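Here is a walk through one protein model, written for someone who would rather be at the bench. Keep the 3D view open while you read.

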Amino acid sequence: MSPRVLTLVAAVSLLLAACQAAKVSQEEMDSVNYGPQPVHWKDEIQGYLKLRLKDPTNAIVEFKTEPKQMFQKQVGLDPQVHGWAVCVWIRDRNKAGQWQDTFPMTVFLRNEKIVHVNNPPDGYGPAGPLYAREQCKTLGAPFKDK
């Protein structure tokens, strides 16, 4: 292989490794304040999505889990996040009005407010979908592509 190809393979490997959700110890989870369990979490998430979905009236939004405490380690440039996490599956239309495939999203809440979202409808980048899939699985709602 040429040096150029080897460099590309190494760069892609590093990028994928950085996107892996890092394992969290019990000590790390116990070191932060998650705040009280959210009560109005569905309303907060629906308000967030209403501003970001292409077709908020007809989009299919499935709340797959109840809020559970979760800690996301800082990996590369992705921030450390903690809070009450919820797995949400979404199916929305694209700009052309066609239905898109369902995708997972994880939402972190603290003190009844959203503090972080992995894989939002208006998000970009490789890490968000990977985090959302892994976190939904951890929360008890594994997402499988069709």
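What follows goes from the overall layout to the strands, the core, the salt bridges and the largest pocket.

**Layout**

Keep in mind that this is a predicted model. The protein has four helices and five strands, and along the sequence they come in the order α-α-α-β-β-β-β-β-α. The chain has 146 residues, and 34% of them count as buried.

**The β4–β5 hairpin**

Let's start with a pair of strands that is easy to find. β4 and β5 run antiparallel and are joined by five bridges. One contact to click on is T106, whose bridge partner in β5 is N118. The two strands make a hairpin with two residues between them. In that turn you'll find N111, which has a positive phi of about 55°.

**Packing inside**

Which residues touch the most other members of the largest nonpolar core? They are I45, M105 and V107, in a core of 15 residues. The elements that give two or more residues to this core are α3, β3, β4 and β5, so the hairpin strands turn up here again. There's also a second, separate core of ten residues, with A85, C87, C136 and F143 among them. As background, nonpolar side chains in soluble globular proteins tend to be buried together.

Two loop residues are handy for seeing how the chain comes back on itself. Y34 sits in the loop between α2 (26–30) and α3. Is Y34 buried or exposed? Y34 is buried, because its relative accessible area is 6% and the cut-off for buried is under 20%. Y34 and L109 are 75 residues apart along the chain, yet their C-alpha atoms are separated by 8.5 Å.

The other one is K73, in the loop between β2 (68–72) and β3. K73 counts as partly exposed, at 26% relative accessibility. Its C-alpha lies 7.7 Å from that of K23, and the two residues are 50 apart in sequence.

**Salt bridges**

How many salt bridges does the structure hold? There are three, and here they are with their N to O distances and relative accessible areas.

| Pair | N to O distance | Relative accessible area |
|---|---|---|
| R52 and D122 | 3.5 Å | R52 27%, D122 38% |
| D55 and R93 | 3.0 Å | D55 15%, R93 25% |
| K64 and E62 | 3.2 Å | K64 32%, E62 32% |

Take R52 and D122 first: their side chains meet in a salt bridge, and the pair links distant parts of the chain, 70 residues apart. R52 is in the loop between α3 (41–50) and β1 (60–63), while D122 is in the loop between β5 (113–118) and α4 (127–139). R52 is partly exposed, and D122 is partly exposed too.

Next, the side chains of D55 and R93 meet. D55 lies in the loop between α3 and β1 and R93 in the loop between β3 (81–91) and β4 (103–110), so this salt bridge ties together parts that are 38 residues apart in sequence. Why does D55 count as buried? Because its relative accessibility is 15%, and anything under 20% counts as buried. R93 is partly exposed, with a relative accessible area of 25%.

That leaves K64, which forms its salt bridge with E62. K64 is partly exposed, and E62 is partly exposed as well.

**The largest pocket**

Now for the open space. The largest pocket holds about 460 Å³ and is lined by 25 residues. Which of them lie nearest its centre? N119, P120, D122, G123 and Y124 do. You've already met D122, the salt-bridge partner of R52.

β5 and α4 each supply at least two residues of the lining. α4 gives the most, with four residues. By type, the lining divides into nine nonpolar, nine polar and seven charged residues.

**A quick tour on screen**

If you want to retrace all this, start at the turn residue N111 between β4 and β5. Move on to I45, M105 and V107 in the largest nonpolar core, then to the salt bridge between D55 and R93. Finish at D122, one of the residues nearest the centre of the largest pocket.

Notes
Residues are numbered from 1 along each chain as its sequence is written. This is a predicted model: local features need pLDDT of at least 70, side-chain atom pairs count only at pLDDT 80 or more; totals for chains, interfaces and linings use all residues. Side-chain values use heavy atoms; hydrogens and water are left out. A salt bridge is a side-chain nitrogen of Lys or Arg within 4 Å of a carboxyl oxygen of Asp or Glu. Buried means under 20% relative accessible area, exposed over 50%, partly exposed in between (1.4 Å probe, protein chains only). A nonpolar core is a set of buried Ala, Val, Leu, Ile, Met, Phe, Trp, Tyr and Cys residues joined through side-chain atoms within 4.5 Å. On a 1 Å grid over the protein atoms alone, a cavity is a set of points where a 1.4 Å probe fits but cannot get out, and a pocket is an open set with protein on both sides within 12 Å along at least five of seven lines; lining residues have an atom within 4 Å of a point. Grid points are joined across faces, edges and corners, and a volume is the space filled by probe spheres set on the points. Ala, Val, Leu, Ile, Met, Phe, Trp, Tyr, Cys and Pro count as nonpolar, Asp, Glu, Lys and Arg as charged, and the others, Gly among them, as polar. Two strands pair if DSSP finds at least two bridges between them.
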